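The following exercises concern one protein model and its ligand. Please work through each task before reading its solution.

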Amino acid sequence: MSAGHTPVLAEEAVRWLRIDPEGTYVDATVGLGGHALEIARQLTTGRLIGIDRDARALEVARKRLEEYEKRVTLVQADFSSIDEVMNGLGAGPVHGVLADLGVSSLQLDTAERGFSFRLGGPLDMRMDSDSDEAITAADIVNQTAERELADLLYQYGEERDSRRIARTIVRARPIRSTTHLATVVAGAGTSRGRQKLHPATKTFLALRIAVNRELEALGQFLNRVPATLAPGGRWVVLSYHSLEDRLVKQKFQQLSREGVCAVLTRKVERPTDAEIAANPRARSGKMRVAEKLMPEEIPADWPRL
Ligand SMILES: C[S@@+](CC[C@H](N)C(=O)[O-])C[C@H]1O[C@@H](n2cnc3c(N)ncnc32)[C@H](O)[C@@H]1O
């Protein structure tokens, strides 16, 4: 069962994890279980903990990993609290952590989730759509002041026409649906130049990042993983957005300077042209890998975790 989502750099990511069949691994973004399946297949007495914010994704992952259910524990949680999840399960330091950031095909291709400007649906975009507290994209689009909205589009979507788009959105309020927003943004007359992107691509990306507080969650995750990893444990992060990749790169560099981790990917690893041709969603994928150092590799006078 492919579950409609092809895992990106799956073979390479799992190879970097260097699976010990008796080890404990965390897939912090288990999604539809694509990478998780590759990990679970290699375990004998080991354990895989799969985390995701999205209850629907976890349902799919559960079915897909059924054959390995004795080895797999799935938890609905935000990966920013990976340490609490591990404590709650009584799982000690782990041999590897994988994070495949962003959204899954299930989220993008389900109209009612509101992630896609191509599919008519409510302006929702919450990854955890069971949460009553979380704000939706409609809240942001219809209630944020024009200037703040422009800043959000610029900061998270790197949208150069943010001011013009924000002005057009504010004039067209209330905005009722994904397709309504896409039409309004397309009508803002942006200076898209030679780019092939739909004019609403960056607006939708920025809203998704804001709704799910993705950069805040990633920042907390990056701070908390080192204490979760056993010495020698591997940490693989796949990102699809330059802001995310920058956070990962900077954290890895900091941990390397502090002597906590060694960075194993001197240059970021990307999908091959053949993988991108087979799976266009791999296009912007970037993978970075670090390894927690053994205590004897850490100089005595360097900061400890
Ligand atoms: C690209 S998909 C992962 C796909 C998965 N590797 C597979 O092969 O099926 C990213 C997943 O991460 C989840 N996610 C994103 N941010 C999260 C967070 N802060 N905490 C937990 N899950 C998160 C999303 O709900 C989504 O299911």
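The exercises treat the sheet, a crossover, the ligand site and two backbone details.

This is a predicted model, in which local features need pLDDT of at least 70 and side-chain atom pairs count only at pLDDT 80 or more, while totals for chains, interfaces and linings use all residues. Residues are numbered from 1 along each chain as its sequence is written, and side-chain values use heavy atoms, with hydrogens and water left out.

**Exercise 1. Determine the strand order of the sheet and its edges.**

Step 1. Strands are DSSP runs of E with at least two residues, and helices are runs of H or I with at least four, numbered from the N terminus. Two strands pair if DSSP finds at least two bridges between them.
Step 2. The open sheet has seven strands, ordered β3-β2-β1-β4-β5-β7-β6, with mixed pairing.
Step 3. β3 and β6 (261-263) each pair on one side only and are the edge strands.
Step 4. On average, neighbouring strands are turned by 15 degrees against each other, direction ignored; the axes are lines fitted to C-alpha atoms, and angles run from 0 to 180 degrees between N-to-C directions.

**Exercise 2. Describe two parallel pairings and the crossover.**

Step 1. Strand β1 (residues 24-27) runs parallel to strand β4 (residues 94-100), joined by three bridges; Y25 stands opposite G96 in β4.
Step 2. Five bridges link β2 (residues 47-52) to β3 (residues 72-76), again in the parallel sense. I51 has V75 of β3 as its bridge partner.
Step 3. From β2 the chain passes through helix α3 (residues 55-64) to β3, a right-handed β-α-β crossover; with the strands pointing away from the viewer, such a path over the helix runs clockwise.

**Exercise 3. Characterise the surroundings of the ligand.**

Step 1. The ligand is surrounded by 24 residues (a heavy atom within 4 Å), of which H35, D52, F79, D100 and Q107 come nearest.
Step 2. The shell comprises ten nonpolar, nine polar and five charged residues.
Step 3. Consider the polar contacts (N or O atom pairs within 3.5 Å). Nitrogen atoms of the ligand lie 3.0 Å from a polar side-chain atom of D78 and 2.8 Å from a polar backbone atom of F79. An oxygen atom of the ligand is 2.9 Å from a polar side-chain atom of Q107.
Step 4. The protein buries 98% of the 600 Å² that the ligand exposes when taken alone (Shrake-Rupley method, 1.4 Å probe).

**Exercise 4. Locate two backbone details.**

Step 1. The peptide bond from R173 to P174 is cis, with omega near 0 degrees. P174 belongs to the loop between α8 (162-172) and α9 (178-186).
Step 2. L9, a residue other than glycine, has a positive phi near 45 degrees; L9 lies in the segment before α1 (10-17).

Terms used: A polar contact is a pair of N or O atoms within 3.5 Å; within protein, one must be able to donate a hydrogen and the other to accept it, and residues adjacent in sequence count only if both atoms are side-chain atoms. Ala, Val, Leu, Ile, Met, Phe, Trp, Tyr, Cys and Pro count as nonpolar, Asp, Glu, Lys and Arg as charged, and the others, Gly among them, as polar.
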